[in-house]
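User: I would like to learn how to read a structure feature by feature. Could you walk me through this one?

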Amino acid sequence: MSDFEGNEKKTGYSFSDFMEDEIRDSAFKVSIRPHRMVPHLFLIVSPVIFYIFFFEFFRLLDEAGLSHLSGSVILVLFIVLLFGIYIFLYNCGKEVVVSGRGIVVRKFFVINESFSVDDVIECTVITGLVTSGRLHEHYNKAVIVYGDGKRITLEDTLFKGWSRLVRYMEMNGKLVTVDGRGMVSKKLDEMLRR
């Protein structure tokens, strides 16, 4: 028997106890993955670049008496720009910092809320979700409800440190898991299990 095994039996700790204590009392950060910032930045930059390249065209439309057409296109570009800025601030400005039993949630880069893990009502993890559209991407979502019903939503494909946060919530007894798959997928899964 090695010295390590002997010491483990003397203290009564197992490796899993050490991991649970480490996760429960650890410090980590959940923030957006760097490569996921690129589409957010593209959504902001593309209407500006489009406007710069077609500025002369818009001027010619105004001179031809079609200022309502150029104004409509510029309005659409402005709305896309505002939407891109909002999505960038909403997703990229979101961060969760855990230190021991304290949690700090940052929203929109400037709003900071700090609370204890005891103030968390629940952390609902919705599994098996699929994005709509042409590219189907599977992801899981965690919805943390804290304080007076405030909530923050984090997706595992968008944020690094997501799984560690979910494990932290599980270790503190706050985790609720929900199967987010569609009804057809659930029925097929039940049929295959029989």
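User: Let's begin with open space. How much space lies in the largest pocket?

Analyst: Happy to help, and please keep in mind that this is a predicted model. The largest pocket holds about 170 Å³ of space.

User: Which residues line the largest pocket?

Analyst: A lining is read from the residues that have an atom within 4 Å of a pocket point. Here those residues are Arg-36, Pro-39, His-40, Ile-87, Asn-91, Glu-155 and Leu-158. Two elements, α3 (37–53) and α5 (67–92), give two or more residues each to that lining. In character, the lining splits into three nonpolar, two polar and two charged residues.

User: Now for charged pairs. How many salt bridges does the structure hold?

Analyst: The general idea is a Lys or Arg side-chain nitrogen within 4 Å of a carboxyl oxygen of Asp or Glu. In this model there are eight salt bridges. Glu-56 and Arg-59 make one of them, with their closest N and O atoms 2.1 Å apart.

User: Why are Glu-56 and Arg-59 separated by about one helical turn?

Analyst: Because they sit three residues apart in helix α4 (residues 55–63), about one helical turn separates them. Glu-56 has 39% relative accessibility and so counts as partly exposed. Arg-59, at 34%, is partly exposed too.

User: Which residue does Arg-59 meet in the salt bridge of 2.4 Å?

Analyst: That partner is Glu-63, and the 2.4 Å runs from N to O. These two are four residues apart in helix α4, so again about one helical turn lies between them. Glu-63 is exposed, with 56% relative accessibility.

User: What does the salt bridge between Asp-118 and Arg-101 tie together?

Analyst: Start with the contact itself: the closest N and O atoms of Asp-118 and Arg-101 are 2.6 Å apart. Asp-118 belongs to the loop between β4 (111–116) and β5 (120–130), while Arg-101 belongs to the loop between β2 (95–99) and β3 (102–107), so the pair ties together parts that are 17 residues apart in sequence. Arg-101 is partly exposed, at 36% relative accessible area. There is a network to look at as well: salt bridges that share partners join Lys-29, Glu-95 and Arg-106.

User: And the cysteines? How many disulfides does the structure hold?

Analyst: For a disulfide, look for two cysteine sulfur atoms within 2.5 Å. The structure holds zero disulfides. Cys-92 is buried, with a relative accessible area of 4%, and Cys-123 is buried at 1%.

User: Which residues of the largest nonpolar core touch the most other members?

Analyst: To read a core, follow buried nonpolar side chains that are joined through atoms within 4.5 Å. The largest such core has 28 residues, and Val-96, Ile-103, Ile-144, Leu-154, Leu-165 and Met-169 touch the most other members. Elements supplying at least two residues each include β1 (27–32), β6 (138–146), β7 (150–155) and α6 (162–171). Of the elements, α6 gives the most, with five residues.

User: One last residue: is Asn-112 buried or exposed?

Analyst: Asn-112 is exposed, since its relative accessibility is 52% and the cut-off for exposed is over 50%. You will find Asn-112 in strand β4. Its C-alpha atom is separated by 9.4 Å from that of Glu-95, and the two residues are 17 residues apart along the chain.

How values were computed
Residues are numbered from 1 along each chain as its sequence is written. This is a predicted model: local features need pLDDT of at least 70, side-chain atom pairs count only at pLDDT 80 or more; totals for chains, interfaces and linings use all residues. Side-chain values use heavy atoms; hydrogens and water are left out. On a 1 Å grid over the protein atoms alone, a cavity is a set of points where a 1.4 Å probe fits but cannot get out, and a pocket is an open set with protein on both sides within 12 Å along at least five of seven lines; lining residues have an atom within 4 Å of a point. Grid points are joined across faces, edges and corners, and a volume is the space filled by probe spheres set on the points. Ala, Val, Leu, Ile, Met, Phe, Trp, Tyr, Cys and Pro count as nonpolar, Asp, Glu, Lys and Arg as charged, and the others, Gly among them, as polar. Buried means under 20% relative accessible area, exposed over 50%, partly exposed in between (1.4 Å probe, protein chains only).
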